[in-house]
Amino acid sequence: MSIISKLFGKSPFEALYHHMLKVKFCVDLINPLVEALFEGNYEKVDDYAKKIARAEHEADLVKKEIRTSLPKNILLPVARGDILRFLNEQDHIADAAEDFVVLLTMRKMVVPEEVKEEFKVFVDTVLETCEIAMETSSEIKALAETSFGGTEAHKVMELIEHIKVKEYEADNAQMKTVQKMFSIEKKLDPVSVVMWMHIFGKLGQIANHAENSGDLMGIMLHNTRGK
């Protein structure tokens, strides 16, 4: 019997929590990878990139098993479709993280010294957004125990609002990083400028998916209250 099958024997929300842990492991590797990039240690960058690829693959496997194993004939506190939409969006966080890393490792990208400060703030803010989203997701087991209501639901709604604030800050950090890059574009080759724009865009998508996962959690809470 697989791990997920065992978890479903207890609750489908155990499996969602397990998936969240896989996604979190994937995202948590971004910071050390970026630090290695700043240092110009491409061997470490490649090593972290491989670990992120493996973590994303593991998250995918969990997602696929949840989708095929989610019971259709038992009563759940939230709609099956809402659960699957939340699962997909949570998985998109790991997908975007891997895409970000793939772009960084397509060629030996050198972070311009003038952009390092803004880029680091951008990375940190994106990861802070994800951290709150992961904290929100980690409450899903407790929410299931209270049928998605009570004080636990209020706590989660507050976290969801916090995600929105952080994602807005990530958008601003992305804009400042892009502006800084354009301010020195004449010093760079055109291919590098284009690559950096794609890299920054993919990094921003990680925060976007984190916010979307929070929104879908909010929808589950709203729909449950409406029952």
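## Salt-bridge exercises

Searching the whole structure, a predicted model, turns up 16 salt bridges. Let's work through a few of them.

**Exercise 1.** Find the partner of Lys-24 and work out which parts of the chain the pair ties together.

*Solution.*
- Step 1: Look for the carboxylate. Lys-24 pairs with Glu-131, and the closest N and O atoms are 3.9 Å apart. The cut-off is 4 Å, so this pair counts as a salt bridge.
- Step 2: Place both ends. Lys-24 sits in helix α2 (residues 12-28) and Glu-131 in helix α6 (residues 116-138), so the bridge ties together parts that are 107 residues apart in sequence.
- Step 3: Check the surroundings. Lys-24 has a relative accessible area of 23%, which makes it partly exposed. Glu-131, at 38%, is also partly exposed.

**Exercise 2.** Take the salt bridge between Asp-47 and Lys-51 and explain how its two residues are placed along their helix.

*Solution.*
- Step 1: Get the distance. The closest N and O atoms of Asp-47 and Lys-51 are 3.5 Å apart.
- Step 2: Locate them. Both belong to helix α4 (residues 42-69), and they are four residues apart, about one turn of the helix.
- Step 3: Bring in the geometry. With 3.6 residues a turn in an α-helix, residues three or four places apart point the same way.
- Step 4: Add accessibility. Asp-47 comes out at 37% and Lys-51 at 30%, and each counts as partly exposed.

**Exercise 3.** Lys-166 meets Glu-128 in a salt bridge: decide whether each residue is buried or partly exposed.

*Solution.*
- Step 1: Start with the contact. The two side chains meet at 2.7 Å, N to O.
- Step 2: Trace the chain. Lys-166 is in helix α8 (residues 150-183) and Glu-128 in helix α6; they are 38 residues apart, and the pair links distant parts of the chain.
- Step 3: Compare with the cut-off. Buried means under 20%, and Lys-166 has 17%, so Lys-166 is buried. Glu-128 has 36% and is partly exposed.
- Step 4: Look for shared partners elsewhere. Salt bridges with partners in common join Lys-24, Asp-28 and Glu-131 into one network.

**Exercise 4.** Describe the span of α2 and name some of its buried residues.

*Solution.*
- Step 1: Take the span. α2 has 17 residues and runs 25 Å from its first C-alpha to its last.
- Step 2: Set that against expectation. The span is close to the 24 Å expected at 1.5 Å a residue.
- Step 3: Pick out buried positions. Among them are Phe-13, Leu-16, Met-20, Val-23 and Val-27.

Technical notes
Residues numbered from 1 in each chain as written. Predicted model: local features only at pLDDT ≥ 70, side-chain atom pairs only at ≥ 80, totals over all residues. Heavy atoms only, no water. Buried < 20%, exposed > 50% of the residue type's maximum accessible area, 1.4 Å probe, protein only. Expected span 1.5 Å × (residues − 1).
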